[in-house]
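Here's a quick briefing to read alongside the sequence and the coordinates. Have the viewer open and follow along topic by topic.

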Amino acid sequence: MTSASTLGETRGHGGVERGHIVHADAVLERQARPRPLNEAERAIWDLAATVVDPEVPVLTIEDLGVLRGVTFATASGSVTVEITPTYSGCPAVDAMRDDIVGVLHGNGYDDVSVKVVLAPAWTTDWLSDEGRTKLEEYGIAAPGPRRGGGTVSLGLGIRCPRCGSMHTRQLSRFGSTSCKALYVCQRCQEPFDHFKEH
Amino acid sequence: MIPTTNRSASTALTPEAIAESIAADETVASEPVALYALGLGDDALVLAHRLGEWITHAPELEEDVALGNIGLDLLGHARSLLTYAGSAWGTSEDDLAYFRGESEFRNRQLFEQPNGDFAHTIARQLFASVYFDGLYRALRRSTDPTLAAIAAKATKEVDYHLDHSVQWLLRLGLGTEESHRRMQRGLDAMWPFVGELFRAETGLPEGGVAHVPLDVTDGGTLGGVVVDLEPLRSAFDEIVPRLITDAGLTVPTVPFARGGGREGRHTEALGPMLAEMQVLARAHPGVTW
């Protein structure tokens, strides 16, 4: 179901514009997780992808879309891993950097550098479906889609990750970390974190 | 500026390392661009520190968290901007933050104003957020890719900060007689420093920057490196008085102060603030914590 194969098929059908739609989901997924195609780099990516967010340890940096790229210089054996912060001041970046270096050192890559990149700016739209499920199970309400790149729509209800009720209320627009807001469920009375659309 | 623990010599966690990685990417700022980034970085750094002073002092726990979070975002902007500025001179963000004197800081004076009561802080934050919002939106289309990337990241965050200020402006303005009185007093106290926000950048070497203004109204065109502040002032003059009126308050008529923050002229509030912010780094040069 990749956009490439869809387009390829279309051309094979004598110019019929049927498959013209590039799969938006596939494009977004590729942007969110640009896993290298090169085998050596993919192996490094998969190791780095096991590093978890220290603030939300059920999510890997791959789930989050924080892992942006891996380059491997075959001649020198040096590895560069690119990550992007969720928020400009996110202090978890230092811990992630540390953990990436640690896991790669442990797997025989001695020359590792981690580079923080700012563009393209991170968005919660890059959170994987699996990551969203893991968040909910962890007790954090997952972010909804951002609306057309504009401002965050706050009119929509946030579902309680514990009892599933939509009858919830925002307690505070800012929560325990930059990426979360604090809510309370009106039905089960539990307070919970919501991962803000960003 | 974020405390870094000295976990291991081989793991590069220091701001210097971030500076190195920026430098390795061949993104060294030219002198005029560095001066521009330094001004914007100082705006963000000084306001971040002021917001940090609220932690454990805010009227409610949620506001401790909110003001701390906003400050953290601003500190993030400051770190990026100062690191980039420092790339021109081979200085780190910490050198710039901790080892410059009062007259070397280039922040506009609004950001150094003392917190006052909560309404003073909200007034300062409202003006600051409207300014940052317009500035970073425009700067996203700077021809300097590093500035554009920092701005693209900051825009999303500042949008949320602005919303926070507006909600408090309305709540305090339309609240009790006392909250209304204090909000008005806060607006009046901060208003003199609004004028300087939109005064053109100075101190940049002539001809060094492509001073073609960025047209903030047209999504397509892209002119130069720095943001033309005139359109931002028009937007501010349209938005802010309307918000103040909606909150049942009066648009202040107090005259603007002389300004001069970008040239290193500051109000008496900055010195004591810097003394507190810099004391640890100066008492123990090179310390990490």
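What follows goes through the two chains, their contact and a few backbone details. Keep in mind that this is a predicted model. Chain A brings an open three-stranded sheet, while chain B comes to 10 helices and zero strands. The two chains touch through 21 residues from chain A and 26 residues from chain B.

**The three-stranded sheet of chain A**

- The strand order is β1-β2-β3 (chain A), and the pairing is mixed.
- β1 (67-73) and β3 of chain A sit at the edges with a single partner strand each, so each has one side without a neighbour in the sheet.
- Going from one strand to the next, the twist averages 20°.
- β2(A) and β3(A) run parallel and are joined over five bridges.
- If you want a residue pair to click on, A:Val79 has A:Val112 in β3(A) as its bridge partner.
- Two helices to look for here are α3(A), which packs on the sheet by touching β1 and β2 of chain A, and α5(A), which packs on the sheet by touching β2 and β3 of chain A.
- As for direction, α3(A) makes about 135° with β1(A), and α5(A) makes about 155° with β3(A).

**Helix α5 of chain A**

- How does the span of α5(A) agree with its 14 residues? At 1.5 Å a residue they should span 20 Å, and the end C-alpha atoms are indeed 20 Å apart.
- Its buried residues are A:Ala92, A:Val93, A:Asp94, A:Met96, A:Arg97, A:Asp99, A:Ile100, A:Val101 and A:Leu104.
- Note that the buried set includes A:Asp94, A:Arg97 and A:Asp99.
- The cover over the buried residues of α5(A) includes α3 (39-48), α4 (61-64), β2 (78-83) and β3 of chain A.

**Where chain A meets chain B**

- On the chain A side, α5 (92-105), β3 (112-116) and β5 (168-172) each supply at least two residues to the surface that touches chain B.
- α5(A) gives the most to that side, with four residues.
- Sorted by class, the chain A side has nine nonpolar, seven polar and five charged residues.

**Strand β7 of chain A and its partners**

- Four of the five residues of β7(A) are buried, so the strand is largely enclosed by the rest of the structure.
- β4 (residues 140-141) of chain A pairs with β7(A) in the parallel sense, over two bridges.
- In that pairing, A:Ala141 has A:His194 of β7(A) as its bridge partner.
- β6(A) pairs with β7(A) in the antiparallel sense, over five bridges.
- Opposite A:Leu182 you'll find A:Asp193 in β7(A).
- The hairpin of β6(A) and β7(A) has five residues between the strands, and A:Gln189 takes a positive phi near 70° there.

**Backbone spots worth a look**

- A:Gln189 isn't a glycine, yet its phi is positive; it belongs to the loop between β6 (180-185) and β7 (191-195) of chain A.
- Is A:Gln189 buried or exposed? A:Gln189 is exposed, because just 10 other C-beta atoms lie within 10 Å, and 12 or fewer counts as exposed.
- Over in chain B, B:Thr56 also isn't a glycine and has a positive phi of about 75°.
- B:Thr56 lies in the loop between α2 (31-52) and α3 (61-86) of chain B, and it is exposed, with 8 other C-beta atoms within 10 Å.
- The peptide bond from A:Ala119 to A:Pro120 is cis, with omega near -5°.
- You'll find A:Pro120 in the loop between β3 and α6 (129-138) of chain A.

**Chain B**

- Of its 289 residues, 47% count as buried.
- Among chain B contacts with a separation of 6 or more, 76% come from residues 24 or more positions apart.
- For one helix pair, take α6 (residues 145-173) and α7 (residues 177-190) of chain B: their axes come within 7 Å and cross at roughly 130°.
- α6(B) and α7(B) are therefore oblique to each other.
- The α6(B) side of the contact uses B:Leu169, B:Leu172 and B:Gly173, and α7(B) answers with B:Ser179, B:His180, B:Arg182 and B:Met183.
- By class, this contact of α6(B) with α7(B) has three nonpolar, three polar and one charged residues.

Definitions and conventions: Residues numbered from 1 in each chain as written. Chains lettered and ligands numbered in written order. Predicted model: local features only at pLDDT ≥ 70, side-chain atom pairs only at ≥ 80, totals over all residues. Contact = placed C-beta atoms within 7 Å. Nonpolar A, V, L, I, M, F, W, Y, C, P; charged D, E, K, R; others polar. Axes fitted to C-alpha atoms, helices over the stretch in contact; angles between N-to-C directions. Parallel < 35°, antiparallel > 145°, perpendicular 65-115°, else oblique. Expected span 1.5 Å × (residues − 1). Buried ≥ 20, exposed ≤ 12 C-beta atoms within 10 Å, placed from the backbone. Pairing = 2+ DSSP bridges.
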